[in-house]
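Let's take a walk through this structure, starting with the empty spaces and ending with the charged side chains. Have a look at it first.

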Amino acid sequence: MKDLGPLSYLLGIEAVHDPSSRSLLLSQTKYSLDLRQRHKLIDCKPCKTPVAQGRRVSLCDGTPLSDASAYRFLVGGLQYLTLTRPDISYAVNYVSPFMHQPTDIHFQLAKRILRYVKGSLGSGISIKSGDCSQISVYSDSDWAGFPDTWRSTSGFCIFLDQTLVSWSSKKQPTISRSSTEAEYKAMAVAATDVQSSVDLLSVSGIEYTS
């Protein structure tokens, strides 16, 4: 074993230190460039949002791809990109259910995420020094967002002071019969995750406030 110096690059994640603000920016700029290059999207036109407005796409929309491997490889790469890009978590969750039989329309949805990433290169997770006792939690959900199953999507993010430490966007396992029920399910998932963070802080001897 040997000391390689300050962290700068690990498993596709770049770490940029800012001594003046005592912060650390984690990003995957090179990884996203490699991903666009593999799918011949280096010169693609960037877009402002990862998902277009309008009706949600179903499993039956579009023409099935003759070879689904390219779509699966792209979505798998986007899933890894969410390690430092929580802003695309919902969009990646949107295209993931089509992995078993993707169509040309599904492929365009996945490529749009890469176009959005191109327009926001350098974005990532900023880890800042601050008050570790302050926890903030936000949760939300849609209602019956998946037209094929009528399931809703839960999402939450947890901040330790000003630093985002945990986030998720995931399809709910059961159908909600109202938007209120979908919201309560999202809150329950967020509460479970924040409890794990609280337990970790308690073990570290840190008292928290919410």
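Before we talk about pockets, a quick word on the term: a pocket here is an open set of grid points with protein on both sides within 12 Å along at least five of seven lines, and its volume is the space filled by probe spheres set on those points. Keep in mind as well that what you are looking at is a predicted model.

With that in hand, start at the second largest pocket, which holds about 210 Å³ of space. Its lining is made of Gln79, Thr82, Ser89, Val92, Asn93, Ser96, Trp167, Ser168, Ser169 and Lys170. Two elements, α3 and β7, give two or more residues each to that lining, and β7 gives the most, with 4 residues. Sort the lining by class and you get 2 nonpolar, 7 polar and 1 charged residues.

Now move over to the largest pocket, with a volume of about 300 Å³. It has 16 lining residues, and those closest to its centre are Tyr90, Gly155, Phe156, Ser168 and Ser169. You have met Ser168 and Ser169 already, in the lining of the second largest pocket. At least two lining residues of the largest pocket come from each of α3, β5 (135-141), β6 (153-160) and β7 (163-171). Here β6 gives the most, with 5 residues. By class, this lining has 7 nonpolar, 7 polar and 2 charged residues.

What about space that is closed off? Rolling a probe the size of a water molecule over the atoms shows where empty space is left. The search of the whole structure turns up 2 cavities of 30 Å³ or more. The largest cavity has about 40 Å³ of space, and among the residues lining it are Gln28, Thr29, Leu81, Arg85 and Val117. That lining counts 3 nonpolar, 6 polar and 1 charged residues. The second largest cavity comes to about 30 Å³. Its lining includes Pro50, Val51, Tyr94, Leu109 and Arg112, and both α3 (89-95) and α4 (104-118) supply at least two of its residues. In the class count there are 8 nonpolar residues, no polar ones and 1 charged.

Let's step back to the chain as a whole. It has 5 helices and 7 strands, and along the sequence they follow the pattern β-β-β-α-α-α-α-β-β-β-β-α. The C-alpha atoms fill a box of roughly 55 × 45 × 35 Å along the principal axes. Of the 210 residues, 38% are buried.

One residue to find in a loop is Leu41, which sits between α1 (29-38) and α2 (69-81). Is Leu41 buried or exposed? Its relative accessibility is 12%, so Leu41 counts as buried. Leu41 and Lys118 are 77 residues apart in sequence, while their C-alpha atoms are 9.3 Å apart in space.

On to the charges. Side chains of opposite charge can pair when their charged atoms come close. The structure holds 5 salt bridges. One of them joins Lys30 and Asp34, at 3.1 Å from N to O. Both residues lie in helix α1, 4 residues apart, or about one turn of the helix. Lys30 has a relative accessibility of 41% and so counts as partly exposed, and Asp34, with 24%, is also partly exposed.

Arg55 and Asp61 make another salt bridge, at 3.1 Å from N to O. Arg55 is exposed because its relative accessible area is 64%, whereas Asp61 is buried at 18%. Next door in the sequence, Arg56 forms a salt bridge with Asp142, with the closest N and O atoms 3.6 Å apart. This pair links distant parts of the chain: Arg56 is in the loop between α1 and α2, Asp142 is in the loop between β5 and β6, and 86 residues separate them. Both Arg56 and Asp142 are buried.

Finally, which buried residue has no salt bridge? Glu14, in strand β2 (residues 13-18), is such a residue, and the nearest side chain of opposite charge, that of Lys30, is 7.5 Å away. Still, the side chain of Glu14 reaches the backbone nitrogen of Lys30 at 2.7 Å.

Definitions and conventions:
Residues numbered from 1 in each chain as written. Predicted model: local features only at pLDDT ≥ 70, side-chain atom pairs only at ≥ 80, totals over all residues. Heavy atoms only, no water. 1 Å grid on protein atoms, 1.4 Å probe; cavity = no way out; pocket = protein on both sides within 12 Å on 5 of 7 lines; lining within 4 Å. Nonpolar A, V, L, I, M, F, W, Y, C, P; charged D, E, K, R; others polar. Buried < 20%, exposed > 50% of the residue type's maximum accessible area, 1.4 Å probe, protein only. Lys, Arg positive; Asp, Glu negative; His and termini not counted. Salt bridge = Lys/Arg side-chain N within 4 Å of Asp/Glu carboxyl O. Polar contact = N/O pair within 3.5 Å; in protein donor to acceptor, adjacent residues only side chain to side chain.
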